[in-house]
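Here are my notes on the model you sent over, in the order I would go through them at the screen. Shout if any point is unclear.

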Amino acid sequence: MTTSVEAGVEAPKPPAFIDIKPRRGQNGWLSQHVGTAALGGFLGYILGHWLGNFIGSSYPYIANSGQNSLAVLLALLFMVVGWLLGIGALNHPIAKILGREAKGEVEYTGWTRYFRYNLDHKVVGIQYVVGVLIFFFTGGLLAMAIRTELLNPTVHVFSADTYIKIVSEHGTIMMMMASSVVVGPLGNYFVPLMIGSRRMAFPRIEAFSLWTFIAGYFVIFSALAYGGFPTGWTGYAPLQTQAGPGMVSYLFGFAVISVGMMTAGFNLAVTIINYRAPGMTWSRVPVFVWSIIATAALLTLASPVLTAAGLFGLLDKTAQTSFYVTEHGGSSYLWQNLFWFFGHPEVYIMALPGFGIVGEIIPVFTRKPLFAYRIAAAGMIGVALLSFFVWQHHLFQSGIDPDMRPLFMLTTELISIPTGFIFLVGMGTLYRAKIRYEVPMLFCMAVYFNFLIGGISGVFLSDVPVNVTVHGGFFVLSHFHYTIMGGLIFAFFGGLYFWLPKMTGRTMNKKLGLWHFWTMFGFFNLTFFPMFIIGLLGQPRRVFSYARNLQTLNEFSSIAAFFLGASFLIFVANLMWSQFIAPEKAPANPWDSLGLEWQTATPIPHYNFERIPVIMTDPYHYSEVGAPALADFGNGPPVHASSAVAAAIEPEQ
Amino acid sequence: MSDAFKAADKIRISDTPEEREFELRAHIGAIWSGGRLFIGMYTFLLASLVFSYFYLRSSNNGILWRPNHVTAPTAYGWTIYTLTLLAASMAIFGQARLRRGNVSEWQAAIWVGVVAALFALFMQIWEFTAVPFYPGSSGYASTFIGYSVMNILTIFIVAYWLETTVARSHWLVKEFRGVEIQFSKHPSAQSFRANVASMTYFMGFVALSSTLLFAMFYLL
Ligand code: HEM
Ligand SMILES: [Cu+2]
């Protein structure tokens with residue numbers, strides 16, 4: 001670079017942000033990788049703990065209480081910083097102080113690249129898959145513990161105290177997982193491919209989001225070591241204020257996760273706005289990308305509220321402020337409001353990406369264009385906007401001003417209109433379609449089935465008189481498991497079955513996939529549908545005991561839950577079998593999709609496209625005779641994927 | 001991992017001048033929209049604090065919003081606020097100089113801003129030793145501590161953004177001798193100017209938001 005005196009675009013060695021020649025990485029053990037990150041985290045933890053105890057010893061109220069929340073907080077904080085330093089996330093931010101421009105992306109090779117601070121969005125996507133599965137299976141094991149306890153109303157496996165801590169840990173881990181489960185893995189992997197981009201806008205921020213997300217796992221997991229926290233995933237004060245140091249893990253954990261969410265959303269939003277290939281107009285952007293940008297808006301704007309809420313809680317815990325302490329001039333409602341102001345947008349962070357996946361997959365298997373594409377896109381933006389105005393429906397029974405209730409009842413019912421549109425777009429696509437029942441398609445249809453139940457139960461919940469009777473009980477529990485697990489998680493698995501052939505070059509085994517689907521679908525409904533009834537019969541959430549007459553239903557639900565848990569073993573077996581043990585090379589475009597992501601070479605080269613494609617139409621012209629060419633890839637005539645594919649599959653009509 | 005992955009090394013991508021031009025425009029756009037989005041995010045962060053302030057103020061639980069109208073040390077407040085404003089305005093006035101082609105004046109202005117911000121940062125932390133009330137003694141006291149912590153973050157971002165930008169300008173001038181970073185079409189120079197523009201815009205936001213918060217916590 002030093003030789004370039006000429007000022008021009010043709011500089012001999014272009015700066016990293018436009019360069020397409022990745023550097024060779026050092027692969028040695030002495031470079032930075034997950035091992036050095038773990039070391040950094042460990043040392044940071046020790047240092048922080050020591051520092052906290054050192055400071056705490058000079059404050060009598062800490063020294064005498066036997067609980068030093070400050071030491072816990074500093075230990076976790078330094079752990080996260082040490083982890084980020086160790087992995088190399090802070091190398092560039094530090095080099096910037098000396099004025100250095102970013103160096104080009106390093107192209108690591110071999111399997112060890114998955115254990116590094118890798119800037120390639122495709123590697124980050126796969127790292128995220130592993131990350132969210134770790135979250136998911138940890139939370140799942142805790143769920144099994146919950147259902148074991150609920151087998152019997154009087155014979156207990158855990159104490160009441162341990163039980164609520166298990167429930168809390170389960171809920172928090174799952175919510176953290178769910179806020180990244182699609183955006184992280186599939187969003188990072190496929191958004192650039194779908195918009196025809198060679199790169200992300202901010203590859204360092206993208207990798208940063210991943211490694212903070214993983215750090216968040218350690219933080220929230222540490223709660224168990226600190227004796228857990230008793231508040232459930234919602235962390236309500238005043239219980240929050242009274243709880244032990246495990247609460248610090250909860251508050252700080254959510255703060256860390258919120259940073260991961262913000263950074264992930266930031267990078268994706270900016271990428272979608274600026275890196276769309278020529279011709280990729282807003283009316284041609286795939287519906288999955290629409291869902292991701294709507295989600296990114298929520299991630300970037302709602303998560304800071306969670307960060308602030310967490311910060312205030314941590315100050316209450318460590319600096320003895322009284323934000324949430326009503327007796328000292330604070331208010332426990334303050335937490336409730338801040339939490340749900342974040343929390344309801346969060347709910348749609350957990351819904352929209354699922355709709356995006358479904359909208360992307362069903363046209364492929366029905367060979368029909370996505371019905372009312374524009375309405376789907378508008379619905380997603382509408383939902384994203386409205387979701388900031390409904391949060392108080394979580395507080396109907398909390399003692400808020402009753403006059404506020406009709407307002408929030410109205411806004412909540414309003415938001416079900418765009419949600420309903422998104423649903424109907426799917427129905428319109430399925431209408432009179434010849435469906436190919438492949439595994440990803442089955443998952444998508446299950447999303448519609450489950451979300452119908454989940455969404456409609458939501459409309460009931462938003463109705464204040466109904467809410468009075470079912471709030472705080474199993475009905476609500478069932479509602480959000482139907483929407484989150486039945487919607488988002490089913491969509492995520494559908495997306496994995498659909499896109500793994502592109503991501504790894506190997507198809508998932510269909511037989512095992514079908515087993516996984518039918519067991520997961522069946523036992524999911526058998527587990528959670530009874531909970532609606534249990535809820536209507538009055539069983540409250542988060543309590544380890546219940547009325548005797550509910551035992552049969554609870555037993556039923558528990559046993560179904562164990563089978564539901566087992567269905568994921570089939571998934572793991574399938575993953576191991578078809579990706580590692582007996583891999584089968586996937587065809588280039590196994591489902592005959594028109595999506596841009598399938599038109600690149602497999603395996604995908606480092607900068608995705610040999611030429612930046614020129615997009616000529618939207619990717620949904622299925623079964624259309626004389627459909628326009630999809631895109632010009634610059635290496636031959638414009639690709640007419642549709643006609644070739646349509647001719648091959650389209651049955652005579 | 002797999003043979004499929006090893007094959008990934010074989011396809012080498014080349015690029016054309018048009019593609020570089022495209023990437024450059026996307027990059028500049030990303031800095032522009034990233035800067036705006038960051039302001040949006042930061043607004044929501046600060047808004048949480050503002051909401052808390054007015055929420056606790058109007059609840060006035062236990063008549064403990066602000067007994068005896070306790071006030072944080074105003075001398076510190078004025079100093080921190082003035083220094084923050086100075087740092088922000090250095091960026092804003094500096095940019096006008098840069099646009100007229102005067103790099104060294106811009107650099108001088110930004111360095112003044114960096115020093116002001118670092119000093120403000122120091123004062124904001126040091127102020128904790130002079131706070132005349134217990135953090136949990138009232139709603140106001142609590143929100144004030146929250147405000148102080150957030151302001152540490154804000155000023156840190158101000159200092160960091162100013163410093164890294166001006167350091168980059170020195171580096172660029174040294175690295176590309178003969179390139180006028182204020183006019184050149186060189187990609188790095190364009191990227192640099194886009195960054196300056198986004199930074200300046202953010203500094204305007206900081207000037208406004210710190211005025212609001214300063215008034216809330218020290219004057220009201
Ligand atoms: C048709 C749209 C929906 C409506 C009208 C709706 C309405 C509601 C209402 C009124 C509540 C409060 C119940 C209570 O606690 O008394 C609630 C709770 C909840 N909803 Fe929904 N909802 C909808 C969709 C969704 C979606 C899509 C998700 C997630 C993907 C979701 C997740 C949740 C969660 C997590 C809770 C409970 C949180 C808790 O108390 O722990 N909802 N919903
Ligand atoms: Cu809600």
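The points below cover the metal sites, then the interface between the chains, then the salt bridges and one loop.

1. First, a reminder: this is a predicted model. Please keep that in mind while reading the distances.

2. The copper site. Which protein atoms hold the copper ion (ligand 2)? The donors are ND1 of H344(A) and NE2 of both H393(A) and H394(A), at 1.8 to 2.0 Å from the metal. Along the chain these donors are spaced as H-x48-H-H. So the site ties together distant parts of chain A: H344(A) sits in helix α12 (residues 332-349), while H394(A), 50 residues away, is in the loop between α14 (373-386) and α15 (404-430).

3. Accessibility at the copper. Is H344(A) buried or exposed? With a relative accessible area of 5%, H344(A) is buried, because the cut-off for that class is under 20%.

4. The iron site. The iron atom of ligand 1 gets a single donor from the protein, NE2 of H479(A), at 2.1 Å. H479(A) belongs to helix α18 of chain A. The gap between this iron atom and the copper ion (ligand 2) is 4.8 Å, so I would show both metals in one view when you prepare a figure of chain A. Actually, scrap that figure suggestion; all I mean to say is that the two metals are 4.8 Å apart.

5. The interface in numbers. How many residues of each chain take part in the contact between chain A and chain B? The contact involves 85 residues of chain A and 69 of chain B. About 6600 Å² is buried between the two chains, and carbon and sulfur atoms account for 65% of that area.

6. Polar pairs at the interface. Four salt bridges are counted between chain A and chain B. There are also 16 residue pairs in polar contact across this interface, with both partners at pLDDT 80 or more.

7. What chain A brings to the interface. On the side of chain A that touches chain B, at least two residues come from each of α4 (91-97), α10 (246-274), α11 (287-318), α12 and α18 (474-504). Which helix gives the largest share? That is α11(A), with nine residues. Sorted by class, this side of chain A has 50 nonpolar, 20 polar and 15 charged residues.

8. Salt bridges overall. Over all chains, the whole structure has nine salt bridges. One that joins the two chains is between R168(B) and E101(A), whose closest N and O atoms are 2.9 Å apart.

9. E19(B) and R198(A). This pair forms a salt bridge with its closest N and O atoms 3.2 Å apart. The link crosses between chains: E19(B) is in helix α2 (residues 17-59) of chain B, and R198(A) is in the loop between α7 (183-194) and α8 (203-225) of chain A. Both ends count as buried, E19(B) at 7% relative accessibility and R198(A) at 2%. R611(A) joins in too, as R198(A), R611(A) and E19(B) are linked in a network of salt bridges.

10. E23(B) and R199(A). Here the side chains meet in a salt bridge at 2.9 Å, N to O. The pair again goes from helix α2 of chain B, where E23(B) lies, to the loop between α7 and α8 of chain A, where R199(A) lies. E23(B) is buried, with a relative accessible area of 2%, and R199(A) is buried as well, at 5%.

11. R97(B) and E105(B). This salt bridge stays within chain B, with 2.5 Å from N to O. Are its two ends buried or partly exposed? R97(B) counts as partly exposed at 30% relative accessibility, and E105(B) is partly exposed at 35%.

12. A last look at a loop in chain B. N102(B) lies between α3 (74-99) and α4 (103-126). At 23% relative accessibility, N102(B) counts as partly exposed. How far is N102(B) from I63(B)? The two are 39 residues apart in sequence, and their C-alpha atoms are 57 Å apart in space.

Methods
Residues numbered from 1 in each chain as written. Chains lettered and ligands numbered in written order. Predicted model: local features only at pLDDT ≥ 70, side-chain atom pairs only at ≥ 80, totals over all residues. Heavy atoms only, no water. Donors = N, O, S within 2.8 Å, 3.2 Å for Na, K, Ca; no water. Helix = DSSP H or I, 4+ residues; strand = E, 2+ residues; numbered from the N terminus. Buried < 20%, exposed > 50% of the residue type's maximum accessible area, 1.4 Å probe, protein only. Contact = heavy atoms within 4.5 Å. Buried area = accessible area lost by both parts, 1.4 Å probe. Polar contact = N/O pair within 3.5 Å; in protein donor to acceptor, adjacent residues only side chain to side chain. Nonpolar A, V, L, I, M, F, W, Y, C, P; charged D, E, K, R; others polar.
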